[in-house]
Amino acid sequence: MRLRTFNAPNMKDAMALVKAELGPDAIILNVEQIGQAIKITAALDRDAILAPLPEPALDPLEAISQALEFHRVSPALADRLTQQAAQVLLENPQQALAAALRLRFPVQPLTDRLPTRPLMLVGMPGAGKTATLAKLVARAKLKQWPAIAITCDVVKAGAVEQLGTYTKALQIPAYRAGNPATLRKAVEQAPKGAFVIIDTVGCNPLNATDLSYLNELADAVKAEMVLVMAAGGCSVESAELGQLFAETGVNRLIPTRIDAARRYGGILGAAEAGRLSFAEFGVSPEIATGLDIVGADKIAAWLLETAPASTHLPRARRQANGTHS
Ligand SMILES: Nc1nc2c(ncn2[C@@H]2O[C@H](COP(=O)(O)OP(=O)(O)OP(=O)(O)O)[C@@H](O)[C@H]2O)c(=O)[nH]1
Ligand SMILES: [Mg+2]
């Protein structure tokens, strides 16, 4: 016995499809209204009657709004995304949500092509800046770009050693710079056409001095500041942080710990509030494989795959290459 499903804009067309495919003996097992469309589940085999009825599918827009609520996406952003998804009129919630996300969240990876300016990773303490630097260098090496790394974190105990461990393994030169002038000198060491990446000390964006120091460093070498932010944060707090960093000159965001967070409302809120594009995503602690370039389709899948009403932890779902089990 094989169940078949038929989708059409109205009941008459759906029944015509059933008859055309299965003939007059088809047994209708279930009829659902999905948005404006009709979905019929039918079978030929009479045994099908004994089979349990399929679970009624959630309306696509309902599935989207439940997922956004689960992820603690701010109500205003959730409304905007749901309304945009509604305009797409797709039966598949993932495609509809992806279409809405695509309109609001541009993706601009840092390693698509060799950046023309040094990149400077900034963010809160522990956000994943240094690990992300190493992951970006690993990607640069795959592209056979010459690379150098510089750390301006001369404050945290072990920071220079941490970077040294990564750069030794990645076999690239590393420098430390305690002020804008030494940063400029370090950048001058880079061979022409090199991928130049700069680490910074964890910053407190509520402290204007911290932000203006980052600006001084970036200005000294005309670097692009890129925000690194861990997923799983409160969406209100993250939105405020995203806005503060955006006001400092950040345009792109690398969310990290996608694998270790259950809710993504924070990173969406930060990107929306700061009008930030998504760059790469940190999907595992692994340096070689822990960074992924992710489009709207994948983000929509991440948002929807966590059962919205579920109270249990989702399966270990993200692997080093960013695919899902
Ligand atoms: N699971 C997971 N862990 C990550 C990811 N990115 C970074 N980490 C881990 O997060 C921790 C902090 O990472 P760091 O790179 O040291 O963070 P940081 O922003 O440089 O920290 P400070 O220099 O102290 O401000 C480390 O244990 C990393 O391995 C990720 O995408 N997934
Ligand atoms: Mg660090």
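Reader: Which residues of helix 8 are called buried?

Author: The buried residues there are Leu211, Leu214, Leu217, Ala218 and Val221. They lie on the same side of helix 8, because their arc around the axis is only 120 degrees (the arc is taken from the directions from the helix axis to the C-beta atoms). A residue is buried if 20 or more other C-beta atoms lie within 10 Å of its own, exposed if 12 or fewer do, and partly exposed in between, with C-beta atoms placed from the backbone.

Reader: What does the structure come from, and how are its parts numbered?

Author: This is a predicted model, in which local features need pLDDT of at least 70 and side-chain atom pairs count only at pLDDT 80 or more, while totals for chains, interfaces and linings use all residues. Residues are numbered from 1 along each chain as its sequence is written, chains are lettered from A, and ligands are numbered from 1 in the order in which they are written.

Reader: What is on the other side of helix 8?

Author: Ala208, Thr209, Ser212, Glu216 and Asp219 are exposed there. The buried residues are covered by elements including strand 4 (119-122), helix 7 (180-188) and strand 8 (224-230). Helices (H or I, at least four residues) and strands (E, at least two) are DSSP runs, numbered from the N terminus.

Reader: How do you know what span to expect for helix 8?

Author: The expected span is 1.5 Å times one less than the number of residues. For the 14 residues of helix 8 (208-221) this is 20 Å, and the distance from first C-alpha to last is 21 Å, close to that value.

Reader: What makes arginine 72 count as buried?

Author: Arginine 72 has 21 other C-beta atoms within 10 Å, so it meets the cut-off for buried. Arginine 72 sits in the loop between helix 2 (60-70) and helix 3 (75-88), with a positive phi of about 60 degrees.

Reader: Why is glutamine 171 called exposed?

Author: Glutamine 171 has 9 C-beta neighbours inside 10 Å, so the limit for exposed is met. Glutamine 171 lies in the loop between helix 6 (159-170) and strand 6 (174-176), and its phi is positive too, near 55 degrees.

Reader: What makes a positive phi worth a remark?

Author: Most residues other than glycine have a negative phi. Lysine 222, which follows helix 8, also has a positive phi, near 50 degrees.

Reader: How many residues of each class surround ligand 1?

Author: The shell has seven nonpolar, nine polar and five charged residues. Nonpolar means Ala, Val, Leu, Ile, Met, Phe, Trp, Tyr, Cys and Pro, charged means Asp, Glu, Lys and Arg, and the others, Gly among them, are polar.

Technical notes: Two residues are in contact if their C-beta atoms, placed from the backbone, lie within 7 Å.
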